[in-house]
Amino acid sequence: MTSDALVDALVRNTFQVVGVLTRIGAERDLSLTQLRVLGILRDRRPRMTELAAFLGLDKSTLSGLIDRAERRGLVARGKNPQDRRVVDVFLTPAGLELAEQVYGEVRRALASATDRLNPQDSDRLVQLLHAVLRSPD
């Protein structure tokens, strides 16, 4: 496979996944960035600065995004248990429930593609995608 074929395959798969995420988000009045926040917060409680860096947003943009999510009852901010000067962001029970619903719907929407892989190929694809996404040391 050539480098162009690899890039083309990655881009086409990205379009497929982004299309699914955009549709599912729109059905819940959530932007793609808001979906990313829910996905990130499903299993971690980052500092505001960490979340901004992960999303590639400046702090003021992230603050507005989190303000809107707070008003919807999806996220909350709180003092970091280890360092009370630091503010963490985390999902509320309603936010966690929504994140789990969205994840389940994404899984179902992508099943027609992912179910074509046998378990070994699926495991290998996960390993390869992790390798592609790994940042250089």
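# Notebook: charges, rings and a nonpolar patch

I began with D43, which counts as exposed because its relative accessibility is 58%, and a residue has to be over 50% to earn that word. Since I am working from a predicted model, I treat every value here as computed from that model.

**Entry 1, the neighbours of D43.** I looked up the partner of D43 and found that D43 forms a salt bridge with R44, with the closest N and O atoms 3.6 Å apart. R44 itself counts as partly exposed, at 42% relative accessibility. I then noted that R44 also lies over the face of F54, at 6.0 Å from the ring centre.

**Entry 2, how many salt bridges?** I asked how many salt bridges a search of the whole structure finds, and the search gives 11. I reminded myself that side chains of opposite charge can pair when their charged atoms come close. One of the pairs I looked up is R28 with E27, where the closest N and O atoms are 3.8 Å apart. R28 counts as partly exposed, with a relative accessibility of 22%.

**Entry 3, R42 and E100.** I next turned to R42, whose side chain meets that of E100 in a salt bridge of 3.3 Å, taken from N to O. R42 lies in the loop between α2 and α3, while E100 belongs to helix α5, so this pair ties together parts that are 58 residues apart in sequence. I checked how open the two partners are: R42 is partly exposed, with a relative accessible area of 31%, and E100 is also partly exposed, at 38%. R42 has a ring beside it as well, for it lies over the face of Y103, at 4.1 Å from the ring centre. When I searched the whole structure for aromatic pairs, I found 0 of them.

**Entry 4, is Q34 buried or exposed?** I put this question to helix α2, residues 32-41, where Q34 has its place, and asked whether Q34 is buried or exposed. Q34 counts as buried because its relative accessibility is 17%, and the word applies under 20%. Leaving out residues up to four places away in sequence, I found that Q34 touches D29, L65 and R68.

**Entry 5, the nonpolar patch.** I then looked at the surface and found a nonpolar patch of about 680 Å², made by L6, L10, L117, L125, L128, L129, V132 and L133. Which helix gives the most to the nonpolar patch? It is α6, with 5 residues, although α1 (3-27) and α6 (119-133) each supply at least two. I picked out L125, which sits in helix α6 and is partly exposed, with a relative accessible area of 38%.

**Entry 6, the whole chain.** Finally I stepped back to the protein chain, which has 6 helices and 2 strands, and whose elements run α-α-α-α-β-β-α-α from the N terminus on. Its C-alpha atoms fill a box of roughly 50 × 40 × 25 Å along the principal axes. Of the 137 residues, 29% are buried, and the accessible surface comes to about 9,400 Å², with 55% of it belonging to carbon and sulfur atoms. I also noted that, among contacts with a separation of 6 or more, 51% are accounted for by residues 24 or more positions apart.

Note on methods: Residues numbered from 1 in each chain as written. Predicted model: local features only at pLDDT ≥ 70, side-chain atom pairs only at ≥ 80, totals over all residues. Heavy atoms only, no water. Helix = DSSP H or I, 4+ residues; strand = E, 2+ residues; numbered from the N terminus. Buried < 20%, exposed > 50% of the residue type's maximum accessible area, 1.4 Å probe, protein only. Contact = heavy atoms within 4.5 Å. Patch = residues over 30% accessible without salt bridge, like charges linked within 9 Å, V, L, I, M, F, W, Y side chains within 5 Å. Areas by Shrake-Rupley, 256 points an atom, 1.4 Å probe, with all protein chains shown as cover. Salt bridge = Lys/Arg side-chain N within 4 Å of Asp/Glu carboxyl O. Phe/Tyr/Trp six-rings, centres within 6.5 Å; stacked < 30°, edge-to-face > 60°. Lys NZ or Arg CZ within 6 Å of the ring centre and 35° of its normal.
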